[in-house]
Amino acid sequence: MKLNYKRTFLVGLAFLSICAFWQMYDNVIPLILTNTFHLNETYSGAIMAADNVLALFLLPLFGSLSDRFESNIGKRMPFILCGTALAVILMNILPFVDNSYAKTPDTFKVGLFVVLLGLLLIAMGTYRSPAVALMPDVTPKPLRSKANAVINLMGAVGGIIYLGIAAVLYPNAKTAGVSHVNYQVLFITVSAIMAVSVALLYIFVKEKELTDENRRLEEEHPEWNLAEDDGSGNEKLPPEVKRSLGFLLASIALWFIGYNAVTTWFTTYVSVVMGQGLGGASTCLLIATAGAIISYIPIGNLASKIGRRKTILGGIILLASMFAAGFILTSIFTSINPVMFVCFALVGVAWAAINVNSLPMVVEMCRGSDIGKFTGYYYTASMAAQIVTPVLAGTLMRLISYKVLFIYAAVFVLLSFATMTQVKHGDQKVEAKHGLEAFEDMDN
């Protein structure tokens with residue numbers, strides 16, 4: 001059994017479009033809220049947090065709805081197509097309102113912008129879980145870590161494409177000292193990337209055929225299925241599998257609490273503790289991202305040989321160790337140095353080991369008809385953590401000391417190690433290949 005890499009890269013186009021959008025959203029929307037509409041940090045922060053709050057409800061809901069939906073083009077594709085179309089339309093209205101307010105300020109336009117932004121977030125929320133669930137729908141269970149590595153790589157490519165376009169269209173020389181920046185071209189370009197990506201996905205990935213093919217393969221391998229039929233046509237998790245799922249979701253929340261605290265507060269931390277500017281902190285985070293990108297495919301291959309659970313546990317140990325090292329290094333040194341760059345590269349490797357394998361372990365515990373719902377469970381755990389941790393970590397840093405950041409992160413990551421040791425299901429291994437046979441996986 002081998003992974004069809006060409007098909008998996010095509011499936012990853014949906015995630016590429018999603019990540020390109022969110023990279024732009026996180027970079028540009030705060031600038032519009034503060035520079036154009038002159039909202040203070042509290043209001044703009046609350047608006048920016050709305051996507052995570054909405055995700056808690058929308059991702060499980062639409063993941064589950066897509067499980068039950070049937071059409072000639074599949075279960076997920078209608079959600080992906082409709083969600084993308086709505087998002088493309090709404091996101092291109094936003095800069096019109098932004099530019100109009102810059103010319104003629106009006107309270108109504110502020111309200112209109114916020115309402116449109118809310119509708120855009122809902123549109124994006126309708127198809128994120130279905131888009132992510134498409135990969136396990138068309139991929140045999142033993143190969144999902146490899147496939148998820150490709151999906152994560154495609155997401156990173158989407159973010160990089162956006163950053164490259166933004167750097168070319170809006171260099172500092174063009175925006176410095178300008179009272180208002182017109183982002184219309186950027187929104188049009190990103191929406192075009194989203195539309196083209198999803199169009200290619202629709203043209204080249206025949207979801208219904210591939211899903212039926214994968215379902216037949218699962219029927220030939222009943223040992224892959226951990227869920228049971230309760231006799232009424234519904235699927236039921238055995239108690240021991242349900243216990244593993246609970247501990248796995250707790251682990252996901254815990255390591256996101258630790259990791260997201262660092263990604264959220266590191267630039268502020270470096271400024272306060274080390275007196276360093278934005279450039280050095282951004283370089284560290286960029287190196288961590290690069291480390292993850294380089295590691296995705298090798299990590300997927302490693303998991304297929306030693307198992308997902310062992311790979312995740314190793315990633316947890318490495319991540320906690322690097323956060324502990326971050327505390328020591330930022331306490332000893334007064335400036336960012338090459339040793340810190342190495343640590344953040346290893347943070348990226350550790351995060352790849354965890355991230356690539358966690359979603360496949362979640363969906364491993366269900367049958368094909370519940371993949372969207374279980375994908376929603378994954379995102380509920382991760383999004384809840386990302387809502388809580390900026391506030392919790394920030395409060396502790398304010399009340400105790402900024403230096404508590406890395407200790408906080410390391411402790412929560414280590415707690416996820418304890419819960420992860422209780423996960424006994426969802427680890428599907430693939431026998432390692434040797435010699436020339438190992439290259440067969442790259443044939444397609």
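In this predicted model, helix α10 meets α14 through Leu-245, Leu-249, Ile-252, Ala-253, Phe-256, Ile-257, Asn-260, Ala-261, Thr-264 and Trp-265, which sit against Phe-374, Tyr-377, Tyr-378, Ala-381, Ser-382, Ala-385, Gln-386, Thr-389, Pro-390, Ala-393, Gly-394 and Met-397 of α14. Sorted by class, that contact comes out at 16 nonpolar and 6 polar residues, with no charged ones. As for geometry, the two axes come within 7 Å and cross at roughly 40°, so α10 and α14 count as oblique to each other. The crossing of α10 past α14 is right-handed.

Helix α10 (residues 239-274) also packs on α13 (residues 338-364), here at an angle of about 155° and with the axes 11 Å apart. The pair is therefore roughly antiparallel, and α10 passes α13 in a left-handed crossing. On the α10 side, the contact uses Leu-245, Leu-248, Leu-249, Ile-252, Trp-255, Phe-256, Tyr-259, Phe-266 and Met-274; α13 brings in Met-340, Phe-344, Val-347, Trp-351, Ile-354, Asn-355, Ser-358, Met-361 and Val-362. Again there are no charged residues, and the split is 16 nonpolar to 2 polar.

Next come the enclosed spaces. Searching the whole structure turns up 2 cavities of 30 Å³ or more. The second largest cavity holds about 40 Å³ of space and is lined by Tyr-259, Val-262, Thr-263, Leu-285, Ala-288, Phe-323, Phe-344 and Val-347. Helices α10, α11 (278-306) and α13 each give two or more residues to this lining, with α10 providing the largest share at 3 residues. Tyr-259, Phe-344 and Val-347 thus turn up in this lining as well as in the contact of α10 with α13. By class, the lining has 7 nonpolar residues, 1 polar and no charged.

The largest cavity has a volume of about 60 Å³, and its walls are made by Val-11, Phe-15, Ala-131, Val-132, Met-135, Asn-148, Ile-151 and Leu-359. At least two lining residues come from each of α5 (107-138) and α6, and α5 has the largest share with 3. This lining too has 7 nonpolar residues, 1 polar and no charged.

Turning to open space, the second largest pocket has a volume of about 480 Å³. Its lining runs to 20 residues, and the closest to the centre are Leu-31, Tyr-170, Thr-175, Val-181 and Tyr-183. Helices α2 (13-36), α6 (144-169) and α7 (172-175) supply at least two lining residues each, and α2 makes the largest contribution with 6. The lining breaks down into 13 nonpolar and 7 polar residues, with no charged ones.

Technical notes: Residues numbered from 1 in each chain as written. Predicted model: local features only at pLDDT ≥ 70, side-chain atom pairs only at ≥ 80, totals over all residues. Heavy atoms only, no water. 1 Å grid on protein atoms, 1.4 Å probe; cavity = no way out; pocket = protein on both sides within 12 Å on 5 of 7 lines; lining within 4 Å. Points joined across faces, edges and corners; volume = space filled by probe spheres on them. Helix = DSSP H or I, 4+ residues; strand = E, 2+ residues; numbered from the N terminus. Nonpolar A, V, L, I, M, F, W, Y, C, P; charged D, E, K, R; others polar. Axes fitted to C-alpha atoms, helices over the stretch in contact; angles between N-to-C directions. Parallel < 35°, antiparallel > 145°, perpendicular 65-115°, else oblique. Left-handed = near helix turned anticlockwise from the far one by under 90°. Contact = heavy atoms within 4.5 Å.
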